Amino acid sequence: MHVLDIAQNSVAAGAALTRILLTLDEALDRLDLVIEDNGHGMTDEQAQAALDPFTTSRTTRKVGLGLPLLRQTAQLTGGDVAIESQPGKGTRVRAWFGLRHIDRPPLGDMAGTIASLMQANPERDFVYQLKTETDSFAVDSRELKQILGDVSLAQPEVALFIRDYIRENSAPLLEKE
Amino acid sequence: MKSLKELEAIRDRMRQTVATRENDQNAVRVVVGMATCGISAGARPVLNTLVEEIARENVAGVQVTQTGCIGICQYEPVVEVFEPDGGKTTYVKMTPEKAIRVVHQHLMQGKPVEEYTIGALTK
Ligand SMILES: Nc1ncnc2c1ncn2[C@@H]1O[C@H](COP(=O)(O)OP(=O)(O)O)[C@@H](O)[C@H]1O
Ligand SMILES: [Mg+2]
């Protein structure tokens, strides 16, 4: 999954809070990914352009890969991507996929992805929620920080714990994965 | 199953070692390039291995962080080590195996692994 790349767009947009919501709906045969941030946002034109592979604000390479690739992958599985954004307010990227579609990429190491985001951006906040029809698991860096006090989320031992904590608690929800 | 109770125990342990740990200015910083180019080249397992090995060996005074594109995509995964005295080592085309050696030889013994550096590659 492209979660890290999309969430890094939120970080690049200066978001203080980024929410990552993953919903597995067996009945609808749908995997839903929402990444929502309170970063600097985009105008409608910018949001449209962001889905075009030949747009990027980067200077290091000519094409933006994150969103166009996400859209291409989603469409291959019968899904799509929708972006809602407001300058100064934030951005909501929603991607949906055919859950059992053969071209649907595996979720990959979501626990490692979330832990890396928190470790690399200890001054920002991230919420990750995983939902199935019957179950739900969430982790919120604000809650972790409350426990940690003066100890940083960037500490390797802490990041490692967070990864394993997410991994273990997600496992029962991802049995079919 | 891991619970947040364990995080409290980790916090308490970290607080105890913080006193003996050098402060941030004296820390060695290990920076992993985690832009799309780095990730598709395999930077994530390299980052995880660094974090795990540093925790396992209890290496003090080292901060591991990640950054965006370092600008040398063809050499990804790239790991940069910044010493408190301003010295910098750039490791290129990293793997989890190489990362373990960097932890042991460079971060623990202070001897950079020359053969993994960008200098060795462009020679
Ligand atoms: N969450 C976001 N908030 C604000 N701007 C965004 C966000 N996501 C994407 N963008 C804009 O869309 C562009 C394309 O994003 P992406 O496809 O990931 O490519 P890249 O990150 O390589 O530029 C970004 O450069 C940025 O200008
Ligand atoms: Mg991007």
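Start in chain B of this predicted model and select its four strands: they make up an open sheet of mixed pairing, ordered β2-β1-β3-β4. The edge positions belong to β2 and β4 of chain B; each has a single partner strand, so one side of each lacks a neighbour in the sheet. From one strand to the next, the twist averages 20 degrees.

**Chain B: the parallel pair and its helix**

Select β1(B) and β2(B). The two strands run parallel and are joined by six bridges. To check the register, pick V30(B): its bridge partner in β2(B) is V64(B). Now add α3(B), which packs on the sheet and touches β1, β2 and β3 of chain B. The direction of α3(B) makes about 155 degrees with that of β1(B).

**Chain B: helix α4**

Select residues 96-108 of chain B, which form helix α4. This helix has 13 residues, and the distance from its first C-alpha to its last is 17 Å, close to the 18 Å expected at 1.5 Å a residue. Centre the view on V102(B), where α4(B) bends by about 30 degrees.

Which residues of α4(B) are buried? Show A99(B), V102(B), V103(B), H106(B) and L107(B). The bend residue V102(B) is thus also one of the buried residues. To see what covers these residues, display the surrounding elements of chain B, including β1 (28-33), α3 (43-56), β2 (62-67), β3 (79-82) and β4 (88-91). Past the helix, go to G110(B), which follows α4(B) and has a positive phi, near 75 degrees.

**Between the chains**

Display both chains and select the contacts between them: 25 residues of chain B are in contact with 26 residues of chain A. On the chain B side, α1 (4-18), α2 (36-40), α3 and β2 each supply at least two residues. Which of the elements gives the most to this side of chain B? It is α1(B), with eight residues.

Next, select the largest nonpolar core, which has 68 residues. The members that touch the most others are I114(A), I162(A), L50(B) and V79(B). Zoom in on I162(A): leaving aside residues up to four places away in sequence, I162(A) touches A115(A), M118(A) and L144(A).

**Chain A: the sheet**

Move to chain A and select its six-stranded sheet. The sheet is open, its pairing is mixed, and the strand order is β3-β4-β2-β1-β5-β6. At the edges are β3 and β6 of chain A, each pairing on one side only. On average, neighbouring strands of this sheet are turned by 10 degrees against each other, direction ignored.

Select β1 (residues 17-25) and β5 (residues 125-131) of chain A. This pair is parallel, with seven bridges. Within the pair, L22(A) stands opposite L130(A) in β5(A).

Two helices can now be added to the view. Helix α1 (residues 3-12) of chain A packs on the sheet, where it touches β1, β2 and β4 of chain A, and its direction makes about 20 degrees with that of β2(A). Helix α3 (residues 66-76) of chain A also packs on the sheet, touching β3 and β4 of chain A. The direction of α3(A) makes about 140 degrees with that of β3(A).

Stay with α1(A) and colour its residues by burial. Is this helix mostly covered or mostly open? It is mostly covered, with eight of its 10 residues buried. Polar residues are on the list, among them D5(A), Q8(A), N9(A) and S10(A). Just after the helix, G14(A) takes a positive phi of about 80 degrees.

**Chain A: around β4**

Select β4 (residues 90-98) of chain A together with β2 (residues 30-37): eight bridges join these antiparallel strands. Then replace β2(A) with β3 (residues 80-86), which runs antiparallel to β4(A) and is joined to it by seven bridges. Pick T91(A) in β4(A): D37(A) stands opposite it, and S85(A) has it as bridge partner. Follow the chain from β3(A) to β4(A) through a hairpin with three residues between the strands; in the turn, G88(A) has a positive phi of about 85 degrees.

**Last stop: D140(A)**

Finish at D140(A), in strand β6 (residues 136-140) of chain A. Why does D140(A) count as partly exposed? It has 15 C-beta neighbours inside 10 Å, whereas a buried residue needs 20 or more and an exposed one has 12 or fewer. For a distance check, pick Q119(A), 21 residues from D140(A) along the chain: the two C-alpha atoms are separated by 13 Å.

How values were computed: Residues are numbered from 1 along each chain as its sequence is written. Chains are lettered from A and ligands numbered from 1 in the order in which they are written. This is a predicted model: local features need pLDDT of at least 70, side-chain atom pairs count only at pLDDT 80 or more; totals for chains, interfaces and linings use all residues. The expected span of a helix is 1.5 Å times one less than its number of residues. The bend at a residue is the angle between axes fitted to the seven residues ending there and the seven starting there. Two residues are in contact if their C-beta atoms, placed from the backbone, lie within 7 Å. Two strands pair if DSSP finds at least two bridges between them. Axes are lines fitted to C-alpha atoms, for helices over the stretch in contact, and angles run from 0 to 180 degrees between N-to-C directions. A nonpolar core is a set of buried Ala, Val, Leu, Ile, Met, Phe, Trp, Tyr and Cys residues joined through C-beta atoms within 7 Å.
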